[in-house]
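Good morning, and thank you for coming. Today I shall take you through one structure, a part at a time. Please have the picture in view as we go.

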Number of protein chains: 2
Amino acid sequence: MVTQRDVARAAGVSLAVVSAVVNGTSHTRMKESTRARVLEAMQQLGYQPNQTARSLRRNRTDMIAMILNKVDNPVYGPLRRGVYEAAAEHGATVLLGDADTMRSGSRFLTRLLSQGTVDGILIRGEGLLDDDVKAELRSHPKPILVLEHALDHPWIDVDDLRAGEIATRFLINLGHRHIVFVGGTGYLSQQRYLGYKQAMDASGLAPAPHLDTGFGEQAGADGLRQAMQAATAPTAIVVNNIMSAVGVLAAAHDLGIAIPDRLSVVGIHDVDLMQHLRPAVTAVRMPMYQLGRAGVEALYDLIAGRPSAGGVITDPEPELVIRDSATRFAG
Amino acid sequence: MVTQRDVARAAGVSLAVVSAVVNGTSHTRMKESTRARVLEAMQQLGYQPNQTARSLRRNRTDMIAMILNKVDNPVYGPLRRGVYEAAAEHGATVLLGDADTMRSGSRFLTRLLSQGTVDGILIRGEGLLDDDVKAELRSHPKPILVLEHALDHPWIDVDDLRAGEIATRFLINLGHRHIVFVGGTGYLSQQRYLGYKQAMDASGLAPAPHLDTGFGEQAGADGLRQAMQAATAPTAIVVNNIMSAVGVLAAAHDLGIAIPDRLSVVGIHDVDLMQHLRPAVTAVRMPMYQLGRAGVEALYDLIAGRPSAGGVITDPEPELVIRDSATRFAG
DNA sequence: CCTTGTTGACGCAACGTTAATTCAAAATAG
DNA sequence: CTATTTTGAATTAACGTTGCGTCAACAAGG
């Protein structure tokens, strides 16, 4: 391994100068010619800084962790992009973790909890972590920021309540009266359900209970089946989770329910996949990219000991993307 | 920060003993009572080892990088699981990277190339990296292993050729004569196409040229449209990439082509999503979990300086999962 | 009795980097 | 021409850990 010591020797300067060249330190000065000589030697020898030594000395790793419920949920694509970009602007790399791999005692968690691994942690959907994992995180010395609500940590949300409201209001404006809210579980889903409820209440309609069947494709299918068993079948549904929308479409197909003719569907969260389904799914797009960026900024506030802004992201607002899965009620 | 020094002081022992307790070193011995006292002090003070210092001293980070073309492609779910599990067995954590973030000069790549970040790198689909990035990787001092073929590095593949053959043979056995191969680009796709070609040749059928429209939903839609423009329209298609299958279904719907009645579809690679589409997609399941595990084992061979096995994973073989998107040719 | 072996522990030198401190030489001011 | 400031750089002490070398105390063997 070629170290600064080797470079220093080759360039005929001291270690301090090499370090200064690497870091652009202003304190230790040097002639331009010396700088060039050092750079030349670095090039020649193929010097690569040793992150470990650097981290030890500076007591920061320039790495942050981001924990997602399920890293391959396409909803997180823009979120990841926002986090990566903002992290890069802070000179940091992102260690991606899956809530699945965050079992208590797991290698990943142990590593995260030990010192000198990351400068801070970003968690999306704290609600899906085990209680004991949460307890371990609570005692973690490094800053933790939760995307989409937390009881014990600073947090930033997108406007889930508003998303539920937008989806529901759209269906109401299309003339629907029997609308159900399907899928999800936990705090975020409750918020969206609350938005649904507010929209229903505001229009004098009776909100149906939350069919909190969970996440994923199967959850959507289950939710639809439950919904259709009601005394008066709904003519429209708001699907909490976007992957559940796939399940809703499948179940509707299997039950012989035509979408959108007999049932209108609006999803919350938008991903590319939605425009490639048939019918293409009308959905509420959430500002996930901005959430990612804001999360990193807030985390770095925490890391720097500054007070962090936090709160709900209202700019941009959730936005309805109209496709083919919802249509005017033709009762 | 509480260090081994603090623990040593609290337990009334030397640094060496604390280190030995932490690492279970046999060289430095101690009475069971001493060990207990140290453990007690660690507990009391909430000692967490400093990974950075540890890595510097031991010259290994117990972290490996895994680069995927697109981390949220569900195809990689089992691959990631295999990699995480095997890595954990080696006491390592996984730094997940996206080929998108591997642009030359990116923070992620810089970090990866500098020393003391990872002990080795696992790359899936090297073919999708920029040439300059590949050049930078080539000069990397740490072991690199490529999943699914490489020219310059050790590699492990799943049997892509066989997958293409299995999919095609299945359609041939259903009585189809005009079968096309759609989607993808690069080495892997060529292998699968080769399998398709071999199956066609073996049955005395004329293979159609590879419609290498790339990856993703849109690529599938484009591929199908191209395929249907042929003088004699195909009655069956093999879709190279699983996400492209979604696009094929959408395009078929838009063109009024009934699947499977007028067109049979078989996808290569299988993911949960396929069973939730309508029609549910018949697909060839690849041993991605095993690929992940084998990749990590081979990488650790390299890290340890042992000769690495490498080659094509033939156990288990690619396996056909029959659903509803392919049926007997009713010409 | 001395010799040899074992137990239980300590001391210390790295690992590669950074940044504060120091200092000689050159440039500028008075 | 001396005093002061600036420039250009070297020395050095950490950062927290690990593992080799050492060693005193005690036990067992001859």
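**A walk through the model**

I begin with a single residue, Leu194(A), which is situated in helix H9 (residues 187-202) of chain A. Please bear in mind throughout that this is a predicted model. Is Leu194(A) buried, exposed or partly exposed? Because 17 C-beta neighbours lie inside 10 Å, Leu194(A) counts as partly exposed; a buried residue would need 20 or more. Setting aside residues up to four places away in sequence, Leu194(A) touches Leu161(A) and Gly164(A). In addition, 8.9 Å separates the C-alpha atom of Leu194(A) from that of Arg162(A), although the two residues are 32 residues apart along the chain.

Let us turn to another helix, H2(A). Its residues Val17(A), Val18(A), Ala20(A) and Val21(A) are buried. Why do these residues lie on the same side of H2(A)? They cover an arc of only 160° around the axis, and therefore they share one side of H2(A). It helps to recall a general point: an α-helix has 3.6 residues a turn, so residues three or four places apart point the same way. Among what covers the buried residues of H2(A) are H1 and helix H3 (32-45) of chain A. Just after H2(A) comes Gly24(A), with a positive phi of about 65°.

That brings me to the backbone. In general, most residues other than glycine have a negative phi, and most peptide bonds are trans. Asn59(A) is not a glycine, yet its phi is positive, at about 55°. Where is Asn59(A) found? Asn59(A) sits in the loop between H4 and strand S1 (63-68) of chain A. It counts as exposed, because it has 12 C-beta neighbours inside 10 Å. His149(A), also a residue other than glycine, has a positive phi near 65°. The loop that holds His149(A) runs between strand S4 (144-147) and strand S5 (155-158) of chain A. With 19 other C-beta atoms within 10 Å, His149(A) is partly exposed.

Next come the cis peptide bonds. One of these joins Ile259(A) and Pro260(A), with omega about 10°. Pro260(A) belongs to the loop between H11 and strand S8 (264-268) of chain A. Another cis bond leads from Asp315(A) to Pro316(A), and here omega is near 0°. Pro316(A) lies in the loop between strand S10 (311-313) and strand S11 (319-321) of chain A.

I move now to the interior. How many residues does the largest nonpolar core have? It has 185 residues, and those with the most contacts inside it are Ile64(A), Ile237(A), Ile64(B), Leu122(B) and Ile237(B). Let us take Ile237(A) as an example. Apart from neighbours within four places in sequence, Ile237(A) is in contact with Ile179(A), Val180(A), Val182(A), Ala227(A), Val248(A), Leu263(A) and Val265(A).

We may now consider the two chains together. In general, two copies of a chain are related by a rotation about an axis and a shift along it. Here, a turn of 180° and a shift of 0.0 Å along the axis lay chain A on chain B with an RMSD of 0.1 Å. The two copies are therefore related as by a two-fold rotation axis. The same surface serves both copies, for 95% of the contact residues of chain A recur in chain B. Which residue of chain A comes closest to the rotation axis? That residue is Asp72(A), whose C-alpha is at 2.0 Å.

As for the contact itself, chain A contributes 44 residues and chain B contributes 43 residues. On the side of chain A that touches chain B, elements giving two or more residues include helix H5 (76-89), strand S2 (93-98) and helix H11 (242-255). By class, that side has 18 nonpolar, 20 polar and six charged residues.

Finally, the DNA. DNA strand C is surrounded by 31 residues, the closest being Thr3(A), Gln4(A), Ala53(A), Ser14(B) and Met30(B). Helix H1 (4-11), H2 and H4 of chain A, with H2 and H4 of chain B, each give two or more residues to this surface. Around DNA strand D there are 31 residues, of which Ser14(A), Ala16(A), Met30(A), Gln4(B) and Ala53(B) are the closest. The surface near DNA strand D has 13 nonpolar, eleven polar and seven charged residues.

Thank you for your attention.

Note on methods: Residues numbered from 1 in each chain as written. Chains lettered and ligands numbered in written order. Predicted model: local features only at pLDDT ≥ 70, side-chain atom pairs only at ≥ 80, totals over all residues. Contact = placed C-beta atoms within 7 Å. Helix = DSSP H or I, 4+ residues; strand = E, 2+ residues; numbered from the N terminus. Nonpolar A, V, L, I, M, F, W, Y, C, P; charged D, E, K, R; others polar. Near = placed C-beta within 6 Å. Least-squares fit on C-alpha atoms with pLDDT ≥ 70 in both. Core = buried A, V, L, I, M, F, W, Y, C linked by C-beta atoms within 7 Å. Arc of directions from axis to C-beta.
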